[in-house]
Amino acid sequence: MNIPFLGPRHHKNGGAALPTDPEAIAALLSECELLRSQADQAGVRLDDTPASLEALDQLVPRWRDDAETLPWLGNDAGLYLGTVVVRTVPGAGWEIRSDGEPVLRLASGREVEVVDAGRAWAATGVPELSQLYGEIAEA
């Protein structure tokens with residue numbers, strides 16, 4: 001997912017740079033407005049915990065019938081997964097690559113492209129968000 005308002009990085013004389021404050025980046029990426037709205041309509045509270053990922057996995061995927069909503073919801077699902085990881089896994093944080101793509105960086109140095117995983121989840125339900133969280137948290 002390229003976030004146009006974040007990048008690409010500008011050179012010294014080419015304009016503004018990306019935000020570098022990890023908390024500001026985390027706050028921006030945690031909004032996930034469409035996903036939060038869909039979850040709220042289904043009675044699921046997204047409280048940025050692993051349990052909320054399990055609840056999302058149980059939602060009836062009505063969004064799959066809407067070709068316009070599907071990719072946006074997938075992006076949000078990936079960002080939400082990343083938000084839960086950043087808030088619950090020690091040493092995990094967001095990194096914005098030079099192409100504007102947000103990725104998770106774990107304490108081990110491993111990069112996880114959660115947005116791609118969110119898109120797959122939204123389109124097919126596999127892999128489950130809670131399963132991905134478990135795999136990431138173990139690393």
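At what angle do α4 and α6 pack, and how far apart are their axes? In this predicted model, the two helices pack at an angle of about 40°, and their axes are 11 Å apart. Those are handy values to have, since two packed helices are described by the angle between their axes and the distance between the axes. The crossing of α4 and α6 is right-handed.

**The whole chain**

Let's step back for a moment. The protein chain has six helices and three strands. If you walk along it from the N terminus, the elements come in the order α-α-α-α-β-β-β-α-α. The chain has 139 residues, and 42% of them are buried. On the outside, about 7600 Å² is exposed, with carbon and sulfur atoms supplying 51% of that area.

What about contacts between residues that are well separated in sequence? Take the contacts with a separation of 6 or more: 59% of them join residues 24 or more positions apart.

**Where α4 meets α6**

Back to our helix pair. On the α4 side, the residues that take part are Ala77, Leu81, Val84, Val85 and Thr88, and they meet Leu129, Leu132, Tyr133 and Ile136 in α6. Those four α6 residues, Leu129, Leu132, Tyr133 and Ile136, are buried. They sit on the same side of α6, because they cover an arc of only 100° around its axis. And α4 (69-88) isn't the end of the story: the buried residues of α6 also pack against α3 (50-57), β3 (111-112) and α5 (114-124).

Leu81 is a good residue to click on here. Leaving out residues up to four places away in sequence, Leu81 touches Leu53, Val114, Leu129, Leu132 and Tyr133.

**The nonpolar core**

In soluble globular proteins, nonpolar side chains tend to be buried together. Here, the largest nonpolar core holds 35 residues, and the ones touching the most other members are Leu53, Leu56, Tyr80, Leu81, Val85, Trp94 and Trp121. Which elements each supply at least two residues of this core? They are α1 (22-29), α2 (33-41), α3, α4, β1 (93-96), α5 and α6. The biggest giver is α4, with seven residues.

**Three residues to compare**

Now pick out three residues, each in a helix, and see how much of each is accessible.

| Residue | Helix | Relative accessibility | Status |
|---|---|---|---|
| Ile136 | α6 | 4% | buried |
| Thr69 | α4 | 15% | buried |
| Glu54 | α3 | 47% | partly exposed |

Why do Ile136 and Thr69 count as buried? The cut-off is under 20% relative accessible area, so Ile136 with 4% qualifies, and so does Thr69 with 15%. Glu54, with a relative accessible area of 47%, is partly exposed, because that label covers the range between the buried limit and 50%.

Their surroundings are worth a look too. Not counting residues up to four places away in sequence, Ile136 touches Val85, Leu106, Arg110, Val112 and Val114. One of these, Val112, is 24 residues from Ile136 along the chain, and their C-alpha atoms are separated by 8.1 Å. Thr69, counted in that way, touches Leu34, Gln38 and Trp63.

Glu54 has a partner from much further along the sequence: Ser130 is 76 residues away along the chain, but the C-alpha atoms of the two are 5.2 Å apart in space.

Technical notes:
Residues are numbered from 1 along each chain as its sequence is written. This is a predicted model: local features need pLDDT of at least 70, side-chain atom pairs count only at pLDDT 80 or more; totals for chains, interfaces and linings use all residues. Side-chain values use heavy atoms; hydrogens and water are left out. Buried means under 20% relative accessible area, exposed over 50%, partly exposed in between (1.4 Å probe, protein chains only). The arc is that of the directions from the helix axis to the C-beta atoms. Contact means heavy atoms within 4.5 Å. Accessible areas come from the Shrake-Rupley method with a 1.4 Å probe; for residues, only the protein chains shown count as cover. A nonpolar core is a set of buried Ala, Val, Leu, Ile, Met, Phe, Trp, Tyr and Cys residues joined through side-chain atoms within 4.5 Å. Axes are lines fitted to C-alpha atoms, for helices over the stretch in contact, and angles run from 0 to 180 degrees between N-to-C directions. A crossing is left-handed if the near helix is turned anticlockwise from the far one by less than a right angle, and right-handed if clockwise.
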